[in-house]
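I am opening a new notebook page. The entries below record what I looked up, item by item.

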Amino acid sequence: MTEVDLFRQSNLIDPALAIWGWEIPVYLFLGGLSAGVMILSAWLARTAPERARALRLAPLAVPVLLSAGMLALFLDLGFKAHVYRFYLAFEPSSPMSWGAWILILVYPAAPALAVAGLTDGEASALAGWRPLAALRLARPVARLVAWCRARASSLAALNVGLGAALGVYTGILLGALGARAAWSSSLLGPLFLVSGVSTAAAGLMLLPSDPGAHARLRRWDVTAVGLELALLALYLLGLATGDEAARQAAHLFLGGGYTAAFWTLVVILGLLVPLGLEALEARRGLRPTAAAPALLLAGGFALRWILVAAGQAL
Amino acid sequence: MIATFFPFDSLVTGAREVGLIGAVVIGFAFGFVLERAGFGRASKLTAQFYLTDMTVLKVMFGAIVTAMTGLVLASGLGLVDLQSVSEGIASPTFVWPMLVGGLLLGVGFIVSGYCPGTSAVSTASGNLDGLLTFAGVIIGSVLYGEVQPLLHGFHVSGDLGPLFLYQVLGVPAPVLALGVALMAMGAFLGAERLERVFSAKRAGLPAPAVGPTPARRIAFATFSGVAALGLVTLAFPGRPSAGEAATRALPITASELAQRVIEAPWKVRVIDVRDEAACLAARVPGSACVPLAKLGEAGLEAATDGRALVLVADGDLAEVPAAARAYRGDVMALAGGYAAWKREAPTTPAAAAAPAPTGAGKAAPARPKKKGGGCS
Amino acid sequence: MDRPASDRFWNPYLAGVALGLVLLSSFLVMGKGLGASGAANRVGVAALDVVAPAHVDAHPYFASLKHEGRGFFDDWLVFEVLGVFLGGVVAAYSAGRLRVGLLKGPRASTGARVAAALAGGVLMGVAARMARGCTSGQALTGGAVLSAGAWIFMLAVFGGGYAAAYFVRRLWT
C-alpha cells in the first residue's frame, strides 16, 4: 500500500527532536525525592524530635541521591568537560544556574540536619569513634556536632527552604529549557515539589520507625497526593485552555499517544491506588505494608518519565 | 450494525487509548474478585484436584454460566450480535493444540499451584511462589515462540475455524445456554457432595449433611432465570438486529478513514465499488476494486475477522448493497464517496510533489486535520 | 501460619456470579475478554528484545509483536493484567492478606516448592501459547461464548490436573 505520512514530527524523521532519554527523568526524580526528604525531615524534627533513628538519619541520604542524579545528568551532558563552568558564575535569570548553586548549599545543609538530630548517646559515640582520634579529628567533629545540635531549629528551617527551592527548581528547569508546549506551564514547579514530598513520604515510610511517626508521614502523604491530583488537573486544564500549541500538548494526555500510559501509570497506579491503600490503612487500622510506598515511588518516576517523553513528542 | 458498544478491536488513537484505560479498570475488577474468591492461594486452587475444596469449579463455571447466559440474553434482546462478538472474542478452534495444550496446562497447574492469571493475583498478595510461577509462564511463552516455526504443522492442526458448540450441536444458542446452565448446577451439587466426603475423609470424621445455602439459592436462581429469559427471546420473530439496521450504512468521513487506513490498516477492509477503470486509476490506499455488480462474488458473508467494512462509491451510499448485508461486522460508507477522499485526504507522494491545482490558495483546508500529537 | 480473620473468602457461588458479571461487562462494553498469558508472552518477548534485538527482528512472530501498533505493551491484555495486579493488591490488603511469603503444602520443602513453581510455570507458558490462551483467556472467556476449542481446552485442563494430582501429592497434601 502506498505509504502516506501525516506527521513529520517523529524522531525517525527529525532525530534532533528526541534529545533527552532516561537521564533527565532520573535526575528530576531523585531531585524531587531529595527535596521531599529534606522538607519532611525538617518538619519531623520540629514536631517529633524523639523519632526513630532511621528517620533522624534520613537526610544523610540526600547527598547520595543527588549525586546519583547528577551522575545521570552528567552522562547526558554533551560536553562533559564543561561542567565546571556552572560554578564560575551565577546567572539570576537561568534556572540551571540557580540549580547548580542550590545543590552546592544542599550538600552540607541536609547532613547537618541529620547530625542535629543525634541523641546525646549517639553524639558522644560519634565523637568517640576511634579512627577520628587517630586522625586528630575528634575535637573538631565534636564541636561540629555540638554546633549542629544547638541550631537544630534553624537548620530545620534552612532545610525546608532549600528543599522547597530544590523541588520547585526541578519543575522550572523543564520549562526554561525549551519551547516545549507541555513544559511551558508554571505549575510544573509546584507539581514536582508536591510529587517530591509524596515520594519522600513513601520512601520514609519504608524505613523502620514507630507507628506514630508512620501515621504522621501517611497523613502528610495523603495530603500531598491530594494536592498532586489537584495540580495535575490544573496543569491539564491550563494547557487545554491555552494557545494552539498548548492545546496540542494537552491532547497528548487527553486522547493522544500518552493518554493510556499517563492515566494508568501516573494517576491510577501512582496516585489513586496508593491513596486507596492508605485510606484503608487509616480507616481500618490495617498493618502498613510496602505496597503503597512502592506504587507511589513508581508513579513519581513515571510522572517525570512521561512528562519528559511526551514533552518532546511535539 | 454495531457489534458492541465500544468495540475495542476497531478503535484507533484517542478512543483506543481510553479503551486501554478501560482494560485496567476491568482487570482491576477481575483481580479483585479472584483474590477475594481465594485464588491468590495455591492451597485453595490445588484442593480442587484433591476434591476437598471445589471452589475452582464453582467459581469458574459460575462465571461461565453467568457471562454466557447474559451474553445470550443481550443478543436475544438485539443489543449485540452474538456471532460477531463471539468471533471477535474467542480464537478459532484448533483441536489438537488445544487438547494437548489443555492437558499440559492442567499438569502445570497442579505442579505450580496456579494458572497464569491466578499467579498474577498471588504475586499481588506478596506470594513469592506466585511470582516464580508467573516468571515461569513468561519464560515458557518465549520458549514456545522460539520453537514455534518448527512446530508450525502441529500449531495449526485441526483447524476448524471459529466454531461454537451451538453450531456443532445444531441447536439455537439460548437452548444450549440453558442446557449448560442446568449441567453446571448439577455439577455444583455433585461437587458439594464430593467436598463433604473428601474433606471429612481427610479429617477422619463422618461427612456432615449440608443443605442449600442462601448464596447457592441466589446463584442458581440467577443462572436459571437469565437462561430462561434468553430462551424466551427465541420466540421474538425477526430480532431488530438482523433486520432493517443492516440496510443502513454508517457514514465515515474521509479524515476518519484516512486515520484508520494510515494508523491501523489491518483493522479496516476498504472496498471500492466504483467503475473498475476509475478505481484502478486512483483509489483509497489499501482498498480493493470490486465493482458493485461483482460484490456478490467477493465472499463477504464468509469473512469472519470482524474488521469494519468501508464501501467507497462515487458519492454517498445510502443503502448497503444486498451483497454486503450478510457481512458480519460494521458496514460503513465513505461519506461523500471518493470525491470527498480526493478533496480532503492526503495524496500519494508523487502527486504531492506538484502543488495541487486547487490548493494554491487554500493549503490549510486541503491538508488533513492533524488529530493530536504523540509519537507515530 | 495464617491468622483466621484473613482466611475469610467470598462464597464461591457469589464470587462466580461476580466474576461472570465482570466478564460480561468486558464482552458488552469492549468486545474483549479477559486473559493473562498473552501479556506474559509480550513481557517475555520485550525482555528478550532488550538483550537480543536482532534475534527478535529476525523472528516473524516476535517481530510482529514489536512492530505492530506502538510496540510490545500496546495491547489490551497487558493493561488488563496490570489492572489484575492492582486489584489483587487492594483486595489482599483490605482483607489483611498482603504479606510477603511462600505458600506450600505441609509436606513440601521450600526448594521443592520453588522448583515446582518455576517448572509448572514454564509448562503453562508453553501450553498457553499452544492453546492460544490460558484458563482466564481460553477456558473462562472462550468457554463463556461457547467456543468449541475453548471447551475442549477446559476439559483437558481438568483432565490433566486430575491425572497428575496423584503424582505431586507430596507438594500439596
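How many other C-beta atoms lie within 10 Å of B:L51, and is B:L51 buried or partly exposed? I count 18 other C-beta atoms within 10 Å, so B:L51 is partly exposed. The cut-off for buried is 20 or more. I keep in mind throughout that this is a predicted model.

**Entry: backbone at B:L51.** I looked up the phi angle next. B:L51 has a positive phi of about 65°, and B:L51 is not a glycine. I then placed B:L51 in the chain. B:L51 sits in the loop between α2 (42-47) and α3 (55-76) of chain B.

**Entry: backbone at C:R132.** I found a positive phi of about 65° here too, at C:R132, again not a glycine. The loop that holds C:R132 runs between α6 (110-131) and α7 (135-144) of chain C. Is C:R132 buried or exposed? C:R132 has 24 C-beta neighbours inside 10 Å, so C:R132 counts as buried.

**Entry: a helix pair across chains B and C.** I turned to helix α6 of chain B, residues 116-124, and helix α5 of chain C, residues 76-94. These helices pack with their axes 7 Å apart, at an angle of about 45°. An oblique angle is one that falls outside the parallel, antiparallel and perpendicular ranges, and α6(B) and α5(C) are therefore oblique to each other. I noted the handedness as well: the crossing of α6(B) and α5(C) is right-handed.

Which residues meet there? From α6(B) I list B:G117, B:A120, B:V121, B:T123 and B:A124. From α5(C) I list C:V81, C:V84, C:F85, C:G88, C:V89 and C:A92. By class, the contact of α6(B) with α5(C) has eight nonpolar residues, three polar and no charged.

**Entry: chain C against chain A.** I looked up the contact between these chains. Nine residues of chain C are in contact with ten residues of chain A. On the chain C side, I find seven nonpolar and two polar residues, and no charged ones.

**Entry: confidence in chain B.** I checked pLDDT last. Chain B averages 81, and 84% of the residues score at least 70. Where does the pLDDT drop below 50? Residues 238-245 of chain B are one such stretch. Beyond near neighbours in sequence, this stretch has eight contacts in the model. Residues 351-376 of chain B also stay under 50. For residues 351-376, the model has 36 contacts beyond four places in sequence.

Methods. Residues numbered from 1 in each chain as written. Chains lettered and ligands numbered in written order. Predicted model: local features only at pLDDT ≥ 70, side-chain atom pairs only at ≥ 80, totals over all residues. Axes fitted to C-alpha atoms, helices over the stretch in contact; angles between N-to-C directions. Helix = DSSP H or I, 4+ residues; strand = E, 2+ residues; numbered from the N terminus. Parallel < 35°, antiparallel > 145°, perpendicular 65-115°, else oblique. Left-handed = near helix turned anticlockwise from the far one by under 90°. Contact = placed C-beta atoms within 7 Å. Nonpolar A, V, L, I, M, F, W, Y, C, P; charged D, E, K, R; others polar. Buried ≥ 20, exposed ≤ 12 C-beta atoms within 10 Å, placed from the backbone. pLDDT = per-residue confidence, 0-100.
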